Amino acid sequence: MSSTKSDQLDDTDRALLRLLSKNARSSGSALASELGIAESTVSLRVRRLQRSGHITGYHADIDLTALGAPIQAIIAVRLTKHARAEIERFRAEAPTWPGVMALFHMGGRDDYLLHLAAHDSAELRDFVIDYLTGHPAVAHTETNLVFEHARGTGWYQLLN
């Protein structure tokens, strides 16, 4: 039986990850108090979780509407062919295009999903025309507007 990263976690590590996922700005003393352990232990464990790849970064959730970009879309992309060079080129370019929030490489009918934010529908249309329909690797796109986004917490169960 092969071990996984999750096999290396004890109950305290899992509780620490849950707390940090809820508020990554929690102080070491607040985390220590919540977990009932020393602040130095929290610090050591957080560093170990970072080194092991369990914690890959800390992020701020930004209100895009407040920034003037209220339009979000998920754009399904199918490539013309599945040559490694074309896939790698698309994979390298797409995350850097204006408004791209995330890129998902998919199995199934679509090859990629792009999560995009835009100031208005004209900017969204222009993005599709400028970056997708003219891209030599892209055969087909389908744009779906996002009306609402709710962050999930069901993944916390994976920490049990």
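Biologist: What makes the space in the largest pocket a pocket, and how much of it is there?

Modeller: In this predicted model, about 660 Å³ of space lies in the largest pocket. A pocket is an open set of grid points with protein on both sides within 12 Å along at least five of seven lines, whereas in a cavity the probe cannot get out, so the word pocket marks an open space.

Biologist: Which residues lie nearest the centre of the largest pocket, and how does its lining divide?

Modeller: The lining has 19 residues, and Leu20, Ser21, Gly57, His59 and Trp155 lie nearest the centre. Nine residues of that lining count as nonpolar, seven as polar and three as charged.

Biologist: What is the volume of the second largest pocket, and which residues lie nearest its centre?

Modeller: The second largest pocket holds about 380 Å³ of space. Its lining has 14 residues, with Ile62, Leu64, Gln72, Met101 and His149 nearest the centre, and the lining divides into seven nonpolar, four polar and three charged residues.

Biologist: Why is Gln72 called buried, and where is Gln72 found?

Modeller: Gln72 has a relative accessibility of 18%, and buried means under 20%, so Gln72 counts as buried. Gln72 is found in strand E1, which covers residues 71-79, and its C-alpha atom is separated by 7.2 Å from that of His115, 43 residues apart along the chain.

Biologist: How many aromatic pairs are found in the whole structure, and why is the pair of Phe90 and Tyr112 called tilted?

Modeller: The search of the whole structure finds six aromatic pairs. The ring centres of Phe90 and Tyr112 are 4.9 Å apart, within the 6.5 Å needed for a pair, and their planes stand at 45 degrees, neither under 30 nor over 60, so the pair is tilted. This pair links distant parts of the chain, with Phe90 in helix H4 (residues 84-93) and Tyr112 in strand E3 (residues 112-118), 22 residues apart.

Biologist: How do you know whether Phe90 and Tyr112 are buried or exposed?

Modeller: Phe90 has 0% relative accessibility and counts as buried, and Tyr112 is likewise buried, with a relative accessible area of 0%.

Biologist: What makes Trp97 and Tyr131 a tilted pair, and where in the chain do Trp97 and Tyr131 lie?

Modeller: Their ring centres are 5.3 Å apart and their planes are at 40 degrees, which falls between 30 and 60, so this pair is tilted. Trp97 lies in the loop between H4 and strand E2 (100-105), while Tyr131 is in helix H5 (residues 121-133), 34 residues apart. Trp97 counts as buried at 9% relative accessibility, whereas Tyr131, at 28%, counts as partly exposed because its value lies between the bounds of 20% and 50%. Ring pairs link Phe90, Trp97, Tyr112, Phe127 and Tyr131 into a cluster.

Biologist: Why is His135 called buried, and where does His135 lie?

Modeller: The relative accessible area of His135 is 8%, under the 20% bound, so His135 is buried. His135 lies in the loop between H5 and strand E4 (138-145), and 8.7 Å separate its C-alpha atom from that of Phe90, 45 residues apart along the chain.

Biologist: Which domains is the protein chain divided into, and what does UniProt place at residues 9-70?

Modeller: The chain is divided into domain 1 (11-52) and domain 2 (64-146), with 36 Å between their centres, taken over C-alpha atoms. The unreviewed UniProt entry places the feature "domain: HTH asnC-type" at residues 9-70, a span that is 53% helix and 0% strand, with its end C-alpha atoms 39 Å apart.

Definitions and conventions
Residues numbered from 1 in each chain as written. Predicted model: local features only at pLDDT ≥ 70, side-chain atom pairs only at ≥ 80, totals over all residues. Heavy atoms only, no water. Helix = DSSP H or I, 4+ residues; strand = E, 2+ residues; numbered from the N terminus. Buried < 20%, exposed > 50% of the residue type's maximum accessible area, 1.4 Å probe, protein only. UniProt positions renumbered as here; feature names shortened; annotations may be inferred. 1 Å grid on protein atoms, 1.4 Å probe; cavity = no way out; pocket = protein on both sides within 12 Å on 5 of 7 lines; lining within 4 Å. Points joined across faces, edges and corners; volume = space filled by probe spheres on them. Nonpolar A, V, L, I, M, F, W, Y, C, P; charged D, E, K, R; others polar. Domains from an automatic or database assignment.
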